[in-house]
Amino acid sequence: MIPKSGDSKEVRNCRPITCLKTMYKTVTGIRAKRISTHLEERSLLPAEQKGCHPGSKDFKDQLMISNVIYEDSRKRNRNLSIAWIDYQKAFGSVPHSWVEKSIALVGVNSKIVRFCKLSMEKWNTRFFLKTKQEVMQSQPIEIRRGIFQGDSFSPLFFA
């Protein structure tokens with residue numbers, strides 16, 4: 001568990017970290033590129049969600065754009081309002097059935113949809129507890145909701 005904020009002894013202030021296998025990341029990266037190309041060609045990626053566009057640097061691009069707009073409005077002595085929306089726990093709340101239906105609805109190749117469905121059915125994690133005497137490990141825990149942060153699919157699935 002990695003502390004997010006506040007008292008790190010409180011479980012609600014921590015988040016687990018999952019290490020993804022290199023082969024999984026390679027395969028999903030290839031599939032994500034195909035999905036991204038499909039969505040870009042059909043103008044299906046929302047312009048407002050910069051993090052899911054190819055070549056984007058997530059919020060960093062958006063922050064730079066916002067700063068340029070702010071500086072320009074300040075120099076021109078114009079009023080400006082900017083809003084950023086942070087979807088709390090967004091990556092952990094999406095049911096896998098929604099992901100599957102969503103990518104099918106936008107016309108992603110049925111083989112890729114099936115790959116995503118079968119992959120998500122196998123998602124699991126384990127908890128490890130290291131003490132001075134031993135390392136204890138839980139049984140596999142199935143993951144039925146959410147998408148992995150850091151996975152190539154995540155920005156596309158969320159968008």
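Visitor: Which residues of α5 are called buried, and what does buried mean?
Guide: Ile112, Val113, Cys116, Ser119 and Met120 are the buried residues of α5. Buried means under 20% relative accessible area, exposed means over 50%, and partly exposed is what lies in between (1.4 Å probe, protein chains only). This is a predicted model, in which local features need pLDDT of at least 70 and side-chain atom pairs count only at pLDDT 80 or more, while totals for chains, interfaces and linings use all residues. Residues are numbered from 1 along each chain as its sequence is written, and side-chain values use heavy atoms, with hydrogens and water left out.

Visitor: How do you know where on the helix the buried residues of α5 fall?
Guide: Seen down the axis of α5, they fall within an arc of 130°, so they line one face of the helix. The arc is taken from the directions from the helix axis to the C-beta atoms. On the other side of α5, Ser110, Lys111, Arg114 and Lys122 are exposed.

Visitor: What covers the buried residues of α5?
Guide: The cover includes α1 (22-41), α4 (96-105) and α6 (154-158).

Visitor: What makes α5 a helix, and what span is expected of α5?
Guide: Helices are DSSP runs of H or I with at least four residues, strands are runs of E with at least two, and both are numbered from the N terminus. Helix α5 covers residues 110-122, which is 13 residues. The expected span is 1.5 Å times one less than the number of residues. For α5 that gives 18 Å, and the helix reaches 19 Å from its first C-alpha to its last, close to the expected value.

Visitor: Why is the pair Glu41 and Arg42 called a salt bridge?
Guide: A salt bridge is a side-chain nitrogen of Lys or Arg within 4 Å of a carboxyl oxygen of Asp or Glu. The side chains of Glu41 and Arg42 meet at 3.4 Å, N to O, so the pair fits the definition. In general, side chains of opposite charge can pair when their charged atoms come close.

Visitor: Is Glu41 buried or exposed?
Guide: Glu41 has a relative accessible area of 60%, so it is exposed. Arg42 has 45%, so it is partly exposed.

Visitor: Where do Arg74 and Glu71 lie?
Guide: Both lie in helix α2 (residues 59-75), three residues apart, about one turn of the helix. Their side chains meet in a salt bridge at 2.9 Å, N to O.

Visitor: How many salt bridges does a search of the whole structure find?
Guide: The search finds five. One of them joins Glu142 and Arg144, with the closest N and O atoms 3.0 Å apart.

Notes
Contact means heavy atoms within 4.5 Å.
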